There are 2 protein chains.
Amino acid sequence: MDVDLTLDRILDRAETLYPDREIVTARPDGSRHRYSYADAGDRIAQLAHALDELGLSPKDRIATVAGNHYRHYELYFGPSCSGRSIHMCNMRLPEEHFTYIVNDAADRVMFVDPAFLDLVESVAEDLKTVEQYVVLADEVPETSLDPVTDYESLLADHPTSYKWPDIDEEQECGMCYTSGTTGKPKGVEYSHRGVYLHSVMSGHTDANGVSERDTVMPIVPMFHANGWGLPYAATLSGAKQVLPGPHTEPEPVAELIAEEDVSMSAAVPTIWLEMAEYLDANPEIDVSNIDRLVVGGSAPPESLIRTYDEQYDAPIVQGWGMTELSPLGTLSTLRKEDADAPSEERYAKRAKAGLPVPGISVRIRDETGEPVDRDGESSGELQVRGPWVADRYHERPTATAESFTDDGWLKTGDIATWDERGYIDIVDRIKDVIKSGGEWISSVELENELMAHDAVAEASVIATSHEQWRERPVAVVVPSGEPPDPDGLEAHLAESMPSWWLPDAYEIRDAIPRTSTGKFDKKQLREGLDVTLDRTPGES
Amino acid sequence: MDVDLTLDRILDRAETLYPDREIVTARPDGSRHRYSYADAGDRIAQLAHALDELGLSPKDRIATVAGNHYRHYELYFGPSCSGRSIHMCNMRLPEEHFTYIVNDAADRVMFVDPAFLDLVESVAEDLKTVEQYVVLADEVPETSLDPVTDYESLLADHPTSYKWPDIDEEQECGMCYTSGTTGKPKGVEYSHRGVYLHSVMSGHTDANGVSERDTVMPIVPMFHANGWGLPYAATLSGAKQVLPGPHTEPEPVAELIAEEDVSMSAAVPTIWLEMAEYLDANPEIDVSNIDRLVVGGSAPPESLIRTYDEQYDAPIVQGWGMTELSPLGTLSTLRKEDADAPSEERYAKRAKAGLPVPGISVRIRDETGEPVDRDGESSGELQVRGPWVADRYHERPTATAESFTDDGWLKTGDIATWDERGYIDIVDRIKDVIKSGGEWISSVELENELMAHDAVAEASVIATSHEQWRERPVAVVVPSGEPPDPDGLEAHLAESMPSWWLPDAYEIRDAIPRTSTGKFDKKQLREGLDVTLDRTPGES
């Protein structure tokens, strides 16, 4: 049957079957906004009418500069279901990049949280295509933006139903930019079809299994690759949603988990690291309703997975993905054969990126383009293909040609191994690879091993130049308490790592710089070390 | 990304990630054939080469007249992945209809089980398009079919890999015929896209949740709407499969469940009714590995659901579907809100057809085409829409026009109610409706209530003509032991049914005739009653 896979069908399911299910938002002041899918549907229809009134044509883009809350959720559907596209802007980008992505996407209207008004005001005169600002609030605060209105006035008086147009499933419904550490951000266009298929997959029992029985809380920012697709997947399943607003600290997050019966939440490892410390110090807090925690952005240390298993019966499921993948590519769930394996083996497997989710095909290619052995040792570049994987960057033919193979696979830039059973392990980023005497040293494995040491909260391992070996590893370490003794760290690593992998130096720091999406910013780290590298980042 | 949703992607996933998982077949003699997805993949490639050698063009159809076994499984993929289509023939059709469907589908090659050679031989001279017969055996038995070869010779010596062609996802991959009780069977063409999406849905945690951890045994015939899609869904998930061959009796089925660790099985209610009796008489048999049983074809009586819950902790999940739906439309899973409802309420809900699965949209229209109230009482025709719902019958424009609305919905011919929470209850077939004094009487509700009586094994309620009321119900009852007393049955029904619904007569029979797909054949029943009906079946 000629039925397109479009987002209005996702919304329609929630409105038809689960109209009373709640979407709860934690406001900046800590109070909670609550409403139902039926209410959300009414306002999404009003938003679509308002976009018509603003004169937005089909396929026009609107920008959001917003956190995780119900109004942003409405913007996930109103523009796309009425045939436009939402560009979720990463407000943590450097100003220059922020200006670039808005102009590059040619966004015509910008929806801004009050908290980000300063940022937008400071760059407004460089935003060439934005014709209208809408503040995501009940009224417009003092601002230099012009013309400007508030979101509630924009919606008011519009009808609460809308006849969604027939949309081709290949049409763009949204856009995000990858915040590469080098060069300008690159735009990824999401199609209705891709987001729909990603949402169904997210409900697959061998993937995230997002169910109508779940309460889903994405802590990952909604501007970050569709909030990892969770607001869409939760809507398709009819799950209750909890949007934590600006609250990512352990105390309010734990409160939301306990009080709103959250069963599944998703965030970068740091959030769960901090949460573990907080829960350890506050044992009276009950988070037993958590069924699973999805972790992405960077790999969680094995020690973190153990902590949540042993102390909170809340399995951490690692997801590997990219903006280009909407974002999910693999999940670290255990296969049936490994469910009863010895504990050490299970944790070793769960600390990997895991198995490709249903729909994603993977292959790993060495430097000559040949497939690597599936022995869990041989490494090469991970390449992926699938119905929700982008096939180009927005108006960037050169970057597109560099990142996609002629036969249609995305070159992820990640170095990985995989084993006979299909578990994929990301051992490095191509641009972070340390090549010592012609052999690769995995910075990721060194980091994980360092972070398993009690005295270490965070660790990042980078390359420094070396006359004889070309490159040698240096570890940058954030202590969990008293600064650790480098000899102790070296002895710890020597237990499981080859001797020639051991870092040449250990630097103790208060923090490791991060990118706008929360990953270790190794480029900045390398610059901060003030040593000359004999290679350019991005070169393999 | 331009990635088509085609069946080779389903097969590739199983071969890549789960090459060692088993597909077990029970042979007619009770011995078991076992091999892996890797083995199956090799033979599927050989089959595709053999089809090339036979001179089959892209889009040609091959017919199968076969039971549930590994060779039939290979035929699920070999033709479709190489661009052809498999027409799964229902060998239980009357000969005239069987001949009709093969000619109508223009099948060029026919693959036949030895057990069905007699049938095919008896109609072979009327099969106008079949150029080649292949017997699904190691060698060709004595047969008048010509030209004929055996399946193993056909495959032998061909390469065990095949470069699958690029196929448009809209292309036909398979075909089944609906065996309507009136008129000629109608062909339903399945597309790669439809089967792919149905398979992903079948793994959704709110649908059947087919997982790589499952062992799936379809007892439902593989010619019946793709074996309810299970061989495809199990392959996508990488689940172990058990194909019971010709064995549908309780003893060998129970043995397969116990010995092969079956976690999920699917069949019509009769199979589970007989199994319950068998297990009751043989309490030493352990079927505790069963996680859930999927029941379709007709509604399971509530009493059956209770029995499996209470005695075997094996929840029965009712599925409603049609050949036109690949086949799944709804599933009787409980929503979160109802999980802890009182037992009576839960069973009443689980005895309904349930909630539309993710991807399927439903609506219910009364005789004037208006939507009925979602009050669980008001009834009308169930209409469905979705990406795996057929939009036409093969070369049958008149039947197509009758069965599909102008706005693209399939008119299912089922009379249903639905309630506020979305549970759909099939109360009758339009053509089986009993209309007494202008008001509908639900034959299905009467049947369920009768079957809940201890003395009743099966019951079917049909209309007879009546001068004053136009139609009145008559019950045909198969006793479970001693024939029941009609007064006792009447008293039982009177406890929960309106007095004017009570049947005017009770006929005791040894069996109720069934259609070729195992449903009560009410047309034959009505004829067998030897009373004149004042309405034509098919008229509402």
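**Exercise 1. Describe the salt bridge that A:E169 forms, and then the interface of chain A and chain B.**

Solution. A:E169 forms a salt bridge with B:R193, in which the closest N and O atoms are 2.7 Å apart; the term stands for a side-chain nitrogen of Lys or Arg within 4 Å of a carboxyl oxygen of Asp or Glu. The rule finds four salt bridges across the interface of chain A and chain B.

This is a predicted model, in which local features need pLDDT of at least 70 and side-chain atom pairs count only at pLDDT 80 or more, while totals for chains, interfaces and linings use all residues. Residues are numbered from 1 along each chain as its sequence is written, chains are lettered from A in the order in which they are written, and side-chain values use heavy atoms, with hydrogens and water left out.

Next, take the extent of the interface: 56 residues of chain A are in contact (heavy atoms within 4.5 Å) with 57 residues of chain B. The two chains bury about 4,300 Å² between them, 46% of it on carbon and sulfur atoms, where buried area is the accessible area (1.4 Å probe) that two parts lose on being put together, summed over both.

**Exercise 2. Which helix of chain B does helix 3 of chain B cross, and at what angle?**

Solution. The axes of helix 3 (residues 70-81) and helix 9 (residues 230-237) of chain B come within 11 Å and cross at roughly 75°; helices here are DSSP runs of H or I with at least four residues, and strands are runs of E with at least two, numbered from the N terminus. Axes are lines fitted to C-alpha atoms, for helices over the stretch in contact, and angles run from 0 to 180 degrees between N-to-C directions. Helix 3 of chain B is therefore roughly perpendicular to helix 9 of chain B, a term that covers 65 to 115 degrees. Finally, B:Y73, B:Y76 and B:F77 of helix 3 make the contact with B:P231, B:Y232 and B:T235 of helix 9.

**Exercise 3. Where are the cis peptide bond before B:P147 and the positive phi of A:E395 found?**

Solution. The peptide bond from B:D146 to B:P147 is cis, with omega near -5°, and B:P147 lies in the loop between strand 6 (132-135) and strand 7 (148-150) of chain B. A:E395, although not a glycine, has a positive phi of about 50°, and its place is the loop between strand 18 (380-385) and helix 14 (397-403) of chain A.

Methods:
Parallel < 35°, antiparallel > 145°, perpendicular 65-115°, else oblique.
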